[in-house]
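Grab a pencil and have a look at the two chains below. The exercises that follow walk through sheets, helices and a contact between chains, each with a worked solution.

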Amino acid sequence: MIAASNISLTKNGRAILNSVNVDVQPGSFTAMAGPNGAGKSSFLKIISNETQGYRGSVLLNGKAINNYTAIALAKVRAVLPQNTHLQFPFSVQQVVEMGRQYSGRSKNINGTLLEEVMDLTGTHNLRERNYLTLSGGEQQRVQLARVLAQVWEEQDFPRYILLDEPTSSLDIARQQLIFGLVKKACARNIGVLAIVHDLNQVSQFADQLYLLKDGHIAAKGSPREIFTKPIIEETFCCKVNVYNDPCTNCPYIVPENEFNISSSITVNS
Amino acid sequence: MATAVLTLKQVKNPAILSGLSALLIALFLISLSIGQVVIPVGDILKIVLNKTGLFSFQVNEVFEAVLWSIRLPRLVMTVLIGAALAVSGAALQGLFRNPLVEPGLIGVSSGSALGMVVLIVFGSSFIEANSVLGHFIVPVIAFGGGLLATYLVMKISEQVGKTNIAVLILGGVAVNALAAALIGYAIFYADENQLRTFTFWTLGDLGGASWEKLWVAAPILIFATVWLLLFPNELNAIAVGEAEAFHMGVDVEKVKKLIIVLCALAVGVSVSLSGVIGFIGLVVPHLIRITFHADNRLILPASLLGGPILLIVADLIARTVVAPSELPIGVVTGLIGAPVFITLLLRAKSKQELMIR
């Protein structure tokens with residue numbers, strides 16, 4: 001498991017994170033949500049060992065994350081950042097292949113894995129395309145394929161995927177596809193931590209949810225436990241209504257929008 | 001045309017590299033043969049075979065003298081410098097994720113040139129007095145100057161243990177300006193004779209080749225260039241992003257420092273041999289990227305071959321069009337390189353294959 005304990009981070013005298021404790025269990029999907037600027041991405045950078053100079057400790061499968069070499073770390077966890085800007089015209093295939101380049105596996109094994117992740121992400125038909133000519137959503141799926149390729153291989157230790165808003169430029173069908181994929185990853189003993197803004201997706205798919213606000217954990221639990229009117233309103237400073245979706249039997253959240261209500265009234269009268 | 005380009009993009013790497021190797025060998029032999037005195041290729045082979053001590057063909061003595069003491073060292077130097085500049089350019093473009101980068105940008109070239117100018121103006125008597133030590137001190141000073149300038153640029157751009165690329169490029173501009181000013185200052189103290197050699201430092205000159213210089217410089221150039229060839233996977237990952245490369249298992253900071261020092265070594269020593277030859281480091285990786293593809297597993301070895309190819313052609317033109325005189329090599333690389341480059345850029349732009357968005 002990934003165990004982050006008492007993580008605090010100060011940048012230019014401003015506290016970004018304050019004693020944050022987060023556990024990511026293998027084989028389960030942990031979501032993190034919260035208002036903009038709550039420190040979610042900063043936290044993700046710390047547990048991916050990208051940021052140094054924080055207080056607290058991060059253990060990855062029981063070993064301090066700082067004691068991993070870059071290559072050893074890459075075999076255990078993969079990271080999908082929020083934005084990725086390629087500067088050179090690589091083909092889609094070349095980008096996805098990079099996820100396997102330090103795997104130390106044979107061409108055959110890597111080839112099979114690449115086929116599999118490209119099928120899963122629906123990027124198979126793009127493989128010969130120039131990455132720079134793809135749409136934003138296509139690029140996001142290609143990056144996800146690269147990230148999956150890195151840790152998809154079955155191992156005798158749990159692996160982890162850290163995703164920073166993996167569905168931000170995807171349509172609803174693709175969003176469902178991605179979260180379906182996350183579940184498939186969990187079935188392979190991969191633990192997933194994702195920063196997600198759409199609370200209704202969290203509600204449908206996440207096993208565990210952390211709400212981050214002003215650098216501390218505001219709430220933690222299953223979506224069902226957390227998605228209550230007071231907790232959500234308190235965290236996001238936004239009036240909401242919480243309903244239960246009869247099809248999925250999951251809570252869903254609809255923000256109250258005073259502007260729309262009043263304007264519709266004006267139109268009607 | 002479109003289909004021709006399409007098929008070029010589908011050519012497999014070994015085929016591309018074999019083709020470039022064959023072209024390089026052919027150009028090497030042609031260039032050895034052409035000049036004031038035309039030496040038939042057959043005689044070239046005989047002379048070279050004789051030098052191995054295993055054969056004793058009858059050869060023309062003038063041919064032998066021209067080939068052995070003038071053309072061959074010049075061609076060997078051209079190949080080494082072309083390779084060093086193109087591979088350094090490819091590595092730096094990959095490292096900085098910026099297709100506009102060339103070795104000059106991080107201060108290597110101007111730092112080396114400054115070292116050389118200072119050495120010539122203030123230390124020429126020392127070089128003349130110690131011919132053996134002189135051959136050794138020249139590349140050392142050039143490398144030292146290049147490394148010092150690069151180190152300065154790197155220090156300026158360091159930010160909490162990481163290199164800020166935007167600051168690095170701006171810092172390079174500043175350090176280049178400083179070096180240019182200091183070169184100008186040194187020129188103020190130069191005599192007539194020394195002044196004439198300054199064209200050499202700004203536009204490059206491959207005419208000063210000799211085996212003595214190569215004995216010192218060649219091993220360093222080969223060492224640095226070959227080591228740079230070993231980073232294709234790291235550079236590919238860095239192309240996706242520095243953070244992403246780290247996530248994929250690349251020790252980015254270590255790779256960055258190593259590549260910069262190796263480039264300083266390769267470019268610094270090149271400058272000590274031939275002055276600053278622009279354009280090769282910028283244009284060769286680009287040509288390969290536009291013609292074939294952007295994978296550094298191709299770009300690096302293909303630059304190793306493409307750099308010498310372009311420089312041999314440029315040198316052949318430089319020493320034949322105004323014979324018996326010679327054009328500065330930088331004039332030729334610019335004159336041929338720039339229009340070819342612009343044409344390719346236009347074509348790539350129209351097909352939306354440009355690297356910057």
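Two strands pair if DSSP finds at least two bridges between them. Helices (H or I, at least four residues) and strands (E, at least two) are DSSP runs, numbered from the N terminus. This is a predicted model, where local features need pLDDT of at least 70 and side-chain atom pairs count only at pLDDT 80 or more, while totals for chains, interfaces and linings use all residues. Residues are numbered from 1 along each chain as its sequence is written, and chains are lettered from A and ligands numbered from 1 in the order in which they are written.

**Exercise 1. Work out the strand order of the open four-stranded sheet in chain A, and find its edges.**

Step 1: Remember the background: strands of a sheet pair through backbone hydrogen bonds, either parallel or antiparallel.

Step 2: Take strand 1 (residues 2-11) of chain A. Seven bridges tie it to strand 2 (residues 14-24) of chain A, and the two run antiparallel. Strand 1 of chain A also pairs with strand 4 (residues 55-60) of chain A, again antiparallel, over five bridges.

Step 3: Check this with one residue. A:Ile2 sits opposite A:Val24 in strand 2 of chain A, and its bridge partner in strand 4 of chain A is A:Leu60.

Step 4: Look at the turn. Strands 1 and 2 of chain A make a hairpin with two residues between them, and A:Asn12 in that turn has a positive phi of about 50°.

Step 5: Put it together. The order is 2-1-4-5 in chain A, with antiparallel pairing. Strand 2 and strand 5 (63-64) of chain A are the edge strands, as each pairs on one side only.

**Exercise 2. Find which residues of helix 6 (residues 172-187) of chain A are buried, and how they are arranged around the axis.**

Step 1: Start with the length. Helix 6 of chain A has 16 residues and reaches 23 Å from its first C-alpha to its last, close to the 22 Å expected at 1.5 Å a residue. (The expected span is 1.5 Å times one less than the number of residues.)

Step 2: Sort by burial. A residue is buried if 20 or more other C-beta atoms lie within 10 Å of its own, exposed if 12 or fewer, and partly exposed in between, with C-beta atoms placed from the backbone. In helix 6 of chain A the buried ones are A:Ile178, A:Phe179, A:Leu181, A:Val182, A:Ala185 and A:Cys186.

Step 3: Look down the axis. These buried residues cover an arc of only 150°, so they are on the same side of helix 6 of chain A. (The arc is that of the directions from the helix axis to the C-beta atoms.)

Step 4: Turn the helix around. The face away from the buried side carries the exposed residues A:Ala173, A:Gly180 and A:Ala187.

Step 5: Step past the end. Helix 6 of chain A is followed by A:Asn189, whose phi is positive, near 65°.

**Exercise 3. Do the same for helix 2 (residues 13-33) of chain B.**

Step 1: The 21 residues of helix 2 of chain B should span 30 Å at 1.5 Å a residue, and the end C-alpha atoms are 30 Å apart, which agrees.

Step 2: B:Leu24, B:Leu27, B:Ser31 and B:Leu32 are the buried residues of helix 2 of chain B. They fall within an arc of 130°, so they line one face of the helix.

Step 3: On the other side of helix 2 of chain B, the exposed residues are B:Pro14, B:Ala15, B:Ser18, B:Ala22, B:Ile25 and B:Ala26.

Step 4: Ask what lies over the buried residues of helix 2 of chain B. The cover includes helix 3 (41-51), helix 4 (61-95) and helix 15 (296-320) of chain B; here two residues are in contact if their C-beta atoms, placed from the backbone, lie within 7 Å.

**Exercise 4. Describe the side of chain B that touches chain A.**

Step 1: The contact takes 26 residues from chain B and 27 residues from chain A.

Step 2: On the chain B side, helix 11 (232-240) and helix 12 (242-247) of chain B are the elements that give two or more residues. Helix 11 of chain B gives the most, with five residues.

Step 3: By class, that side of chain B has 11 nonpolar, eight polar and seven charged residues. (Ala, Val, Leu, Ile, Met, Phe, Trp, Tyr, Cys and Pro count as nonpolar, Asp, Glu, Lys and Arg as charged, and the others, Gly among them, as polar.)
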